[in-house]
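This report describes the strands, sheets, cores and pockets of one protein model. The sequence and structure are shown first.

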Amino acid sequence: MKFRIKLERYNQIVWAVIGSGALLIAAIGAIAAVAAMLSSGQRGVPVEVVEDDPAKTQAAANIRVDICPPISVDGTPYQLIAVAVDRIIIKNRVLPAKRAKGFVSSYNDEANLGGCGSHGEGSMSATGNVLIHDTRTGTMRPLLAQNALVRHMEYPVPPVKPAERRAFPPPGVLYWEIGAGDTNGDSVLDEHDDIGAYLSDIDGTKLTRITPPGSRVVGKTYDETRRRLYLKIVQDTDGNKTLDDKDSSALIEVDVERRRIVGTILDARRWQEQSRGLKPLNVLQ
């Protein structure tokens, strides 16, 4: 008899625990739902994209965006605010923006801020524009008149330690890599399209392209003494309007102060010409 009473008491305790667990799970679910509702209501506002066009305006209204935290450019009143998007409007068409490196800035080359990691916007694919914020006046304007794929950006960074000093970009200069069009016609804006390298003033004005059309930067070095930037680029050498493994690379020299290409230092054709006179190692004296 005592055993039966103990068993009934045990069952009561077990079901009480199970019931409490169910209530706890329900409470957690309710909190998560409320958090999701709050998160969805805190998204940023779209950047001004294009000129007046009904179709374009409707498409822009449906594009999801995420406003990233501002990056203050040391020694200046300017802040750079990246705007992550899931699609990009270009010439009356809406294109998905595939993730390349996301919005990568000079203070962290491994950063991947597509969606900025805030509000759970994990589907944000790329940075579509950057707002230049003047903290003196509160004015804010987009770097680009029309959204594009802002693949990479660098700005002057003061060194924390002397050994960590970075010479590029020099004071007063911003460096950008921007894809402005679906050059290969595959309805996707990504690293297979033409992505130009640009230099601008520290406030984003005087944006000037410093790479040839139909190319993409894959590496760079900077000669601080001569203020020359050396860019390794991939060019559309086979003429199919797609940048891929079938295209060859070239090394170009850029005058940073004048923001213009000085010339091509080496490419596949020049190397072939220079290599004709080379001798095998076994006949070297």
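## Val94 in its strand

Val94 belongs to strand S5, which covers residues 93–96. The model is a predicted one, and the values in this report are computed from it. With a relative accessible area of 35%, Val94 is partly exposed, because the partly exposed class lies between under 20% for buried and over 50% for exposed.

Val94 and Ile63 are separated by 31 residues in sequence, and their C-alpha atoms lie 9.2 Å apart in space.

## Nonpolar cores

The largest nonpolar core holds 17 residues. Those that touch the most other members are Leu80, Val130, Trp176 and Ile178. Strands S3 (78–85), S6 (126–134), S8 and S9 (173–179) each give two or more residues to this core. The largest contribution, three residues, is that of S9.

Another core, of 15 residues, lies apart from this one. Its members include Phe168, Ile233, Ala250 and Ile252. As a general background, nonpolar side chains in soluble globular proteins tend to be buried together.

## The sheet S8-S9-S10-S11

Four strands make up an open sheet in the order S8-S9-S10-S11, and their pairing is antiparallel. S8 and strand S11 (208–209) are the edge strands; each has a single partner strand, so one side of each has no neighbour in the sheet. Two of these strands, S8 and S9, are also among the elements that give two or more residues to the largest nonpolar core.

At the S11 edge, strand S10 (residues 196–201) pairs with S11 in the antiparallel sense over two bridges. Leu199 has Thr208 in S11 as its bridge partner.

## The sheet S12-S13-S14-S15

A further open sheet of four strands follows the order S12-S13-S14-S15, again with antiparallel pairing. Its edge strands are S12 (215–223) and S15 (260–267), each of which pairs on one side only. On average, neighbouring strands in this sheet are turned by 25 degrees against each other, with direction ignored.

Strand S14 (residues 249–255) and S15 run antiparallel and are joined by six bridges. Within this pairing, Glu253 stands opposite Gly263 in S15. S14 spans residues 249–255, and the core of 15 residues counts Ala250 and Ile252 among its members.

## The largest pocket

The largest pocket has a volume of about 260 Å³. Its lining consists of 14 residues, and those nearest its centre are His152, Glu154, Glu177, Gly219 and Lys220. The elements that give two or more residues to this lining are strand S8 (149–154) and S12. Both are edge strands: S8 in the sheet S8-S9-S10-S11, and S12 in the sheet S12-S13-S14-S15.

Which strand gives the largest share of the lining of the largest pocket? That share, seven residues, comes from S12. By class, the lining has six charged, five nonpolar and three polar residues.

## The second largest pocket

The second largest pocket has a volume of about 220 Å³. It is lined by 16 residues, and Pro156, Val157, Pro169, Pro170 and Pro171 are the closest to its centre. How is this lining divided by class into nonpolar, polar and charged residues? Ten are nonpolar, two are polar and four are charged.

Note on methods:
Residues numbered from 1 in each chain as written. Predicted model: local features only at pLDDT ≥ 70, side-chain atom pairs only at ≥ 80, totals over all residues. Heavy atoms only, no water. Pairing = 2+ DSSP bridges. Axes fitted to C-alpha atoms, helices over the stretch in contact; angles between N-to-C directions. 1 Å grid on protein atoms, 1.4 Å probe; cavity = no way out; pocket = protein on both sides within 12 Å on 5 of 7 lines; lining within 4 Å. Points joined across faces, edges and corners; volume = space filled by probe spheres on them. Nonpolar A, V, L, I, M, F, W, Y, C, P; charged D, E, K, R; others polar. Buried < 20%, exposed > 50% of the residue type's maximum accessible area, 1.4 Å probe, protein only. Core = buried A, V, L, I, M, F, W, Y, C linked by side-chain atoms within 4.5 Å.
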